[in-house]
Structure formats: structure tokens, C-alpha cells
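The exercises below go from two helix pairs to a small sheet and then to the whole chain. Please try each task before reading the solution that follows it.

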Amino acid sequence: MISNSVFKLSVLALGTVALVACSNSEKKQIAAESYVDWVDPLIGSGGHGHVFVGASIPHGMIQLGPNNNKKGWDWCSGYHDSDSTIIGFAHTHLSGTGIADLGDILLMPAVSVIDSAGYLPSSAYVSTFLKQEELVTPGFYQVKLHPSGVNVELTAGERVGMHRYVYPSDKKAQVVVDLENSAQSLMLREGTISSELQLINDSTVVGVRSSDEWAMNHTVYFRSVFSKPILNSRLYAKEKGKKMVLDFGILQEPLLVKTAVSYVSSEGALANLEAEHRTFDEVHEDAVELWNDALSKIQVEVKDDNVKKMFYTALYHTMISPSVFQDVDGSYKGADGKVYQTSDFVPYTIFSLWDTYRAVHPLYTLIDTRNADYVNSLLAIYDQQKSLPIWHLAANETSCMVGVHSIPVIVDACLKGFSGIDVERAYQAVKSIREMNDNGLDFVRNQEYIPADKISWSVARALEYAIDDYAVAQLAKHLGKEDDYQLFMKRSKYYAHYFDSDSGFMRGKLADGSWRLPFDPSHSLHMEDDYVEGNAWQYTWLVPHDPQGLVKLFGGKKQFVEKLDSLFIVSSELNEGASIDITGMIGQYAHGNEPSHHILYLYPYVGEKAKAAKLLHQVYDSFYKATPDGLIGNEDCGQMSAWYIFSAMGFYPVNPVDGTFVFGSPLLDRVTMNLNNGKKFEIIAHNNSQRNIYIKSIKLNGKPYDKFYITYEDIMNGGVLEFEMVDILN
């Protein structure tokens with residue numbers, strides 16, 4: 001049993017919220033260093049952004065926040081800005097995904113819960129709230145519930161969520177523990193498949209919930225300790241979901257709840273709880289400090305406060321996941337369902353690799369010290385499930401999307417020399433793509449292309465596989481494996497099989513070698529065509545590892561530029577049934593989904609950097625706004641944000657494994673990157689303004705620099721990069 005003494009803390013008055021426990025004068029003194037003040041976690045909570053709203057720390061196991069009382073695609077994170085209902089406060093959430101899961105272990109303060117026919121319906125405790133009575137900052141969430149009048153404050157440590165409830169002084173306090181509901185949305189599987197709840201003494205509740213949602217075999221254990229004695233409890237069960245109502249009587253002081261979770265065992269949840277000795281306010285203050293430290297990795301100056309708010313909110317969004325997946329004793333659940341113990345690395349989960357290999361992980365290689373842990377997590381998954389991770393979630397391989405993009409993430413970290421990674425072991429893992437047979441890879445190996453009449457999404461799969469093969473080739477070259485290098489470089493150019501020189505598009509090719517007919521480059525039919533969440537207009541450019549080869553396919557620079565120009569001026573109209581992920585349209589360019597993210601940066605490869613700059617600013621102005629609906633598509637575990645972070649600094653990693661970053665058009669006047677090797681890299685955009693969007697000249701460490709990209713090595717060496725910005729580029 002955890003002593004109630006651990007809950008001794010200074011209580012804030014009802015309705016009063018502070019970022020840190022300090023006086024107003026002290027706040028003013030630290031204001032210049034408070035990066036959390038520039039973060040608005042509600043950006044992306046509306047529209048189709050699907051971001052997590054609640055309390056967490058960088059890459060923590062806990063994401064503690066509200067679940068609305070509604071299901072649907074726009075509620076994938078459990079919360080949507082359009083909604084003003086709350087069914088409970090859950091301890092795990094996804095952020096920015098297009099499929100729902102987690103939202104586990106809901107606690108809901110209430111005052112007059114009445115059951116119905118022996119069961120407790122959600123309608124008995126669902127509440128509403130007013131947006132003006134809600135506050136969200138990094139590491140903290142506060143809201144007042146109606147009609148109960150309960151004020152809720154939440155904060156989070158690494159493995160423990162902290163609740164503080166202030167009840168009206170004239171109403172009996174209750175808490176509902178709900179193991180039935182989650183963030184489950186438009187899923188095809190069962191939801192809750194089993195749950196257990198037990199009151200073990202007058203202050204402690206333990207339980208476990210198992211579910212079959214996006215993750216098919218997902219189990220979460222928890223232990224909650226309350227600061228006041230539980231006077232009475234009632235357990236309800238309906239099919240597989242269980243609920244419990246706890247009665248506390250009239251309370252004149254706040255009710256504190258400390259909840260630890262574990263993906264391993266009930267004992268693991270207990271150990272995680274016992275390791276947390278801080279008070280609510282101490283946990284909150286430390287969460288703010290952790291976020292300030294994480295966000296300070298990139299320090300920026302810019303005249304437009306909205307740009308600064310967007311930038312730091314974007315940086316915040318890249319740091320919610322991957323999430324710690326290990327108990328305090330070093331144990332974690334493996335991808336094979338077994339329990340493992342490790343002190344060699346920290347296992348992480350939530351790898352949205354189809355999205356994050358493009359820019360999130362390249363960003364981590366600059367400012368994050370966890371890169372070896374991410375790679376070793378992916379390699380452990382490979383060892384356990386005997387296949388490379390594709391989209392890994394809580395010890396489950398969801399196999400979502402296409403490609404095998406653990407490969408570029410692993411290879412990039414190896415090539416950049418992060419210590420703590422066994423490079424030969426990594427190579428043996430990534431080269432296994434050669435022997436894989438699923439999802440068209442047997443056709444890649446045996447006949448060099450995937451027939452559209454044999455495998456769905458053939459073009460999208462093949463183009464993504466070519467990127468993976470290129471990555472394997474680079475690691476083979478690094479290790480002196482010449483035969484493998486030649487083999488995988490050959491495979492990396494198989495994208496050319498899908499290029500139709502007559503139409504100028506990547507197209508589905510049938511088993512007999514003919515093109516699939518009829519063909520409309522704007523046509524997209526979700527889940528049923530040759531492309532994933534896109535069409536031929538968007539996928540034709542998905543050759544980030546070989547832009548020069550793509551230019552040659554078009555017949556040269558002139559033809560390439562003409563086709564690329566046309567992408568942005570054709571009609572944006574889409575057919576009925578097209579994927580809802582195709583958003584953020586400029587012509588048929590779709591910034592709301594990841595396959596388009598590198599396209600603007602192809603212009604510099606053919607000497608047309610002015611065209612890139614103009615379009616970049618159109619994207620900045622149209623698709624990134626400091627409002628709840630300010631993201632044009634799913635945030636996707638940081639990728640939509642990472643694009644903005646890189647672009648605002650002035651460059652972007654088109655090729656995710658060659659260590660180069662292509663120049664675009666900076667939004668920020670000055671940037672200081674505190675690199676993960678301890679050095680600093682400064683970026684200065686002289687004469688930067690809304691009119692001066694073109695880079696006239698570049699200096700690196702005071703010397704003229706004439707490349708259209710900068711290398712990872714140059715950045716990591718530290719120094720100063722200077723852009724001279726002008727209004728018109730001659």
C-alpha cells in the first residue's frame with residue numbers, strides 16, 4: 001500500500017492554474033526561457049489533425065487526457081475540438097494517427113452516478129465542458145466539468161498519471177473507473193475482449209484491460225491510489241467490459257489520484273507506482289522543466305509570434321512518441337508476447353514508420369539522444385517477430401501502410417555513427433527484405449515489378465520498396481559488401497518499371513506487361529487502386545533517393561520541370577470515393593499526406609529554387625495555422641510537424657538516408673540548434689521578411705557556399721549558416 005503522505009502538496013485554489021509553482025515576479029524572470037509558453041497543444045485538435053490533447057512528458061509512457069463521448073475518424077486521439085463532451089480521462093493515447101487505439105484506463109470524477117438495470121451506462125457520468133474553462137499546456141491539462149461542477153487537473157510523469165479533482169463542497173464525491181471504453185473508432189475488430197477490476201483496500205484499485213483494436217493483442221495493467229478513503233464501491237460488468245464506482249463522501253479538500261500503468265504485469269504497475277514519490281505539483285513542475293529542456297534543443301527568433309507558436313507546437317508534437325515501453329525494473333513485453341528484461345537500451349513503441357522515416361527520424365538524428373534506443377527497439381522487434389517492423393504499436397505489428405520503413409530509420413542512424421548500435425546486426429536485419437515474400441516483395445525479387453492485377457497498391461508499394469532497397473545498399477557499401485551493394489542498388493531503380501513515358505506518370509503495370517486501363521492520373525479509390533491514399537499525380541514524384549534518375553525518365557530537365565509545374569496548376573478536383581487523406585491541395589499536390597512532402601524540394605535539383613520558395617510560402621500560409629484546425633491533415637506522430645520544423649529553418653531531408661538537407665526558404669530569422677553531440681549550429685536569415693523569400697546567397701562559417709544542400713556532417717560540426725534573403729531572385 002502506498003502511504004497517503006505521498007499526496008501532501010500545496011493546493012491551488014479552484015479555477016487557478018499555474019505553469020510552475022512560483023510567484024509572478026519569478027515567472028517574469030524565467031519568461032524569456034519558457035519555451036512551453038509558445039506551445040498550443042490544441043493546434044491540430046480540430047480538422048483532421050487528430051493530435052493528442054492532455055498531459056505527458058517527452059516520449060513518456062503516459063499520455064493522460066480526456067476522451068470525448070464520441071467515436072469516429074476525427075476522434076482517433078480520443079479528442080476533437082468540435083466536441084464538448086468528456087466520458088473520462090484515459091492514460092494512453094495516440095497522436096495524429098489515422099486509425100484509433102489506446103485510450104486505456106478511464107477515470108471520471110462524478111457526483112450523482114445512478115446505474116440502470118444493474119449496469120452503469122456511459123450516460124450516467126458523461127459530462128460537458130466549456131472551451132473557455134479548459135487549459136492545456138505541455139505536461140498539464142485542466143477543465144471544469146458540467147453539470148457536476150468538478151474541477152479536474154492532470155499532469156504526468158514517465159509511467160504515472162496524476163489527477164487532482166476539486167468537488168463542490170456540498171456534493172458527494174465519486175470516481176468511475178471505466179475499463180470498457182477506449183479511443184476505439186471505425187475499427188473492424190472487437191474492442192475490449194476482457195477486463196478485471198479489484199478494490200484491494202480502502203485507497204487502492206487495480207485492474208487490467210485487454211483489447212483487440214488496431215493492436216490485435218493489447219493488454220494494459222494499472223494501479224490507482226487515492227488520497228482519501230473509499231467509503232463504498234460498486235462493480236458493474238457487461239459482456240467483457242467492467243466498471244466500478246467509488247464513493248468518497250463529502251470532501252472539503254481535493255481528491256488526488258495516482259495511477260501507474262504497465263504493459264507487462266500487475267506487479268509492474270505496482271513497481272512503477274512505488275517508484276513515483278513526487279507530489280502532483282512536483283510532477284507538474286518537473287514535466288514543465290522536461291518540456292522546456294526538450295524544446296530548447298532548437299532556439300528560434302522570428303518577428304511573427306504565430307510562426308514561433310507554430311514552430312514550438314510542431315516541435316512538441318514530434319516529442320510525444322515514440323513512447324517508453326519499459327517498466328522501471330527494465331522489463332517489457334516483446335513482439336512475440338514474451339516478457340524481456342534489458343538494461344542495455346530503453347525499449348520504445350509507437351513507430352509510425354511510413355510517416356516518420358521521411359523527416360521525424362532525420363530530425364532526431366540532429367537533436368535527440370535516444371536514436372540508438374529507437375534503433376535497438378526496432379532490432380529487438382525484428383528478432384522477436386522474425387520480420388522487420390512496419391507500423392509497430394504496443395508489442396503488436398499492425399503492418400499498416402506500405403514499405404518496410406524501419407529500414408531507412410535503422411540505416412540512417414548507422415551511417416551517422418550513433419554509438420550503441422551493432423551495425424553488423426543491423427545490416428543482417430535490413431537486408432532480410434530481399435527474402436521477404438509478403439505484400440508483393442516476392443514479385444520484386446523474381447520479376448522486378450509488382451503486377452497490378454496480382455497485388456493491391458502495387459505502385460505505392462514498389463516505390464516505397466525502392467527507397468528501402470536504396471537504404472540497404474548504402475549500408476552495404478559502408479560495410480564493404482560490394483555484391484550486396486550492387487544488388488540492392490539495382491533493386492532501388494526498379495521504380496523505372498512503373499514510369500510511362502507517353503503519359504509522364506507512374507502507373508500500374510499488369511502481369512502481361514501492359515498498363516492498367518482505364519487510366520486517370522487524378523483518380524483515387526481508397527484501398528482499391530494502385531496508390532495508397534493518393535493518385536498518380538502525387539506518387540509519380542516518389543523517388544527521393546534518386547531525383548536525377550527521375551529527371552532522366554522524363555527526358556531531361558525541361559520536360560521534368562514542365563511536368564512538375566503542371567502538378568500545381570491542374571484542377572484539384574477528386575473523384576467520389578477518393579481517400580479522405582488527400583488534403584492540402586495546390587493543384588494535385590497534396591500536402592496533407594506524406595508522399596507529397598518532399599516534392600517542393602525537387603525543384604532545387606534542377607536549378608529552380610525560386611519556384612520552390614514561392615510554393616513553400618504558399619504551404620506555410622495556407623496549411624499551418626495557429627488554430628485548432630491549423631493542420632491540413634493527420635499529424636501522423638510528428639511528420640506533419642517535422643516538415644514544418646525543417647522547412648522553417650530553411651532545409652529539408654529529401655533523401656532520408658544520404659545525410660543531405662536541401663535548401664528551401666526559411667521562415668525563421670535566427671535558429672540555434674543545440675545538437676545531440678553537444679555542439680551548436682546557428683542559422684541566420686539576413687533581411688528575412690514576408691517579401692524577401694528567396695535565398696540569394698549562402699555562407700557557411702563565413703565562406704561562400706554554392707551547393708543547393710547542406711550535409712549532416714557540416715551541421716554536426718557546428719558553426720554558422722547564413723542566408724541572404726531578397727525579394728526577387730534574378
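A crossing of two helices is called left-handed if the near helix is turned anticlockwise from the far one by less than a right angle, and right-handed if it is turned clockwise. The model to which this is applied here is a predicted one.

**Exercise 1.** Describe how helix α7 packs against helix α8, giving the angle, the handedness and the residues in contact.

*Solution.* Begin with the geometry: α7 spans residues 371-385 and α8 spans residues 406-415, and the two pack at an angle of about 135 degrees with their axes 10 Å apart. Angles over 145 degrees would count as roughly antiparallel and those from 65 to 115 as roughly perpendicular, so α7 is oblique to α8. Next comes the handedness, and the crossing of α7 and α8 is left-handed. Finally, list the contact residues: α7 contributes V375, L378 and L379, while α8 contributes S406, V409, I410 and A413. Sorted by class, this contact of α7 with α8 has six nonpolar residues, one polar residue and no charged ones.

**Exercise 2.** Carry out the same analysis for helix α6 and helix α17.

*Solution.* Helix α6 (residues 360-367) packs against helix α17 (residues 639-649) at an angle of about 55 degrees, and their axes lie 9 Å apart. An angle under 35 degrees would count as roughly parallel, and α6 and α17 are therefore oblique to each other. Their crossing is left-handed. On the α6 side the contact is made by V360, P362, L363 and L366, which meet Q639, A642, I645 and F646 of α17. By class, the contact of α6 with α17 comprises seven nonpolar residues and one polar residue, with no charged residues.

**Exercise 3.** Work out the strand order of the sheet that contains β30, and name its edge strands.

*Solution.* The sheet is open and has three strands in the order β29-β30-β35, with antiparallel pairing. The edge strands are β29 (651-652) and β35 (709-711), each of which pairs on one side only. Looking at one pairing in detail, β29 and β30 (residues 660-663) run in the antiparallel sense and are joined over two bridges, and F651 stands opposite F663 in β30.

**Exercise 4.** Decide whether the radius of gyration of the protein chain agrees or disagrees with that of a compact globule.

*Solution.* First take stock of the chain, whose secondary structure comes to 18 helices and 36 strands. For 730 residues a compact globule would have a radius of gyration near 27 Å, and because the protein chain has 26 Å, the value agrees. As for overall dimensions, the C-alpha atoms fill a box of roughly 80 × 60 × 50 Å along the principal axes.

How values were computed. Residues are numbered from 1 along each chain as its sequence is written. This is a predicted model: local features need pLDDT of at least 70, side-chain atom pairs count only at pLDDT 80 or more; totals for chains, interfaces and linings use all residues. Side-chain values use heavy atoms; hydrogens and water are left out. Axes are lines fitted to C-alpha atoms, for helices over the stretch in contact, and angles run from 0 to 180 degrees between N-to-C directions. Helices (H or I, at least four residues) and strands (E, at least two) are DSSP runs, numbered from the N terminus. Contact means heavy atoms within 4.5 Å. Ala, Val, Leu, Ile, Met, Phe, Trp, Tyr, Cys and Pro count as nonpolar, Asp, Glu, Lys and Arg as charged, and the others, Gly among them, as polar. Two strands pair if DSSP finds at least two bridges between them. The radius of gyration is taken over C-alpha atoms; the globule rule is 2.2 Å times the number of residues to the power 0.38.
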